[in-house]
Amino acid sequence: LHKLMQHPKKPVRKETLWIMSNITTGTPNQISTFFKSFDFMEKLVSLIQNDSVEVIKFFYEIKLNKNK
């Protein structure tokens, strides 16, 4: 997923974040494990600073799921 988040094509980045938003709808323990295992928050923040609104929308879905 790390490489896909940095893909040059916007649709690929968007789909990658959509997949991550689905993964992060689990239990609080599963969500915590996901973020600890893959250390995505730094890469996600970097991505939203430089991407389109369409892609950024999925970041916020992930963030909301993380804060359940």
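Let's start with Thr-16, which is found in helix H2 (helices, H or I with at least four residues, are DSSP runs numbered from the N terminus). This is a predicted model, where local features need pLDDT of at least 70 and side-chain atom pairs count only at pLDDT 80 or more, while totals for chains, interfaces and linings use all residues. Residues are numbered from 1 along each chain as its sequence is written, and side-chain values use heavy atoms, leaving out hydrogens and water.

Ile-19 is found in helix H2 too. Here is how the two residues compare on accessibility; buried means under 20% relative accessible area, exposed over 50%, and partly exposed in between (1.4 Å probe, protein chains only).

| Residue | Relative accessibility | Class |
|---|---|---|
| Thr-16 | 2% | buried |
| Ile-19 | 37% | partly exposed |

Leaving aside neighbours within four places in sequence, Thr-16 is in contact (heavy atoms within 4.5 Å) with Leu-1, Leu-4 and Met-5.

Met-5 also belongs to the largest nonpolar core, alongside Leu-17, Met-20, Ile-31, Phe-34, Phe-35 and Leu-44, 7 residues in total. Such a core is a set of buried Ala, Val, Leu, Ile, Met, Phe, Trp, Tyr and Cys residues joined through side-chain atoms within 4.5 Å. Helix H2 (10-23) and helix H3 (28-38) are the elements giving it two or more residues, and H3 gives the most, with 3.

On the surface, Leu-1 and Leu-4 turn up again: together with Trp-18, Ile-19 and Ile-23 they form a nonpolar patch with about 410 Å² of accessible area. This time H2 gives the most, with 3 residues. Patch members have over 30% relative accessible area and no salt bridge, with nonpolar side chains (Val, Leu, Ile, Met, Phe, Trp, Tyr) joined within 5 Å; a salt bridge is a side-chain nitrogen of Lys or Arg within 4 Å of a carboxyl oxygen of Asp or Glu.

Definitions and conventions:
Patch = residues over 30% accessible without salt bridge, like charges linked within 9 Å, V, L, I, M, F, W, Y side chains within 5 Å. Areas by Shrake-Rupley, 256 points an atom, 1.4 Å probe, with all protein chains shown as cover.
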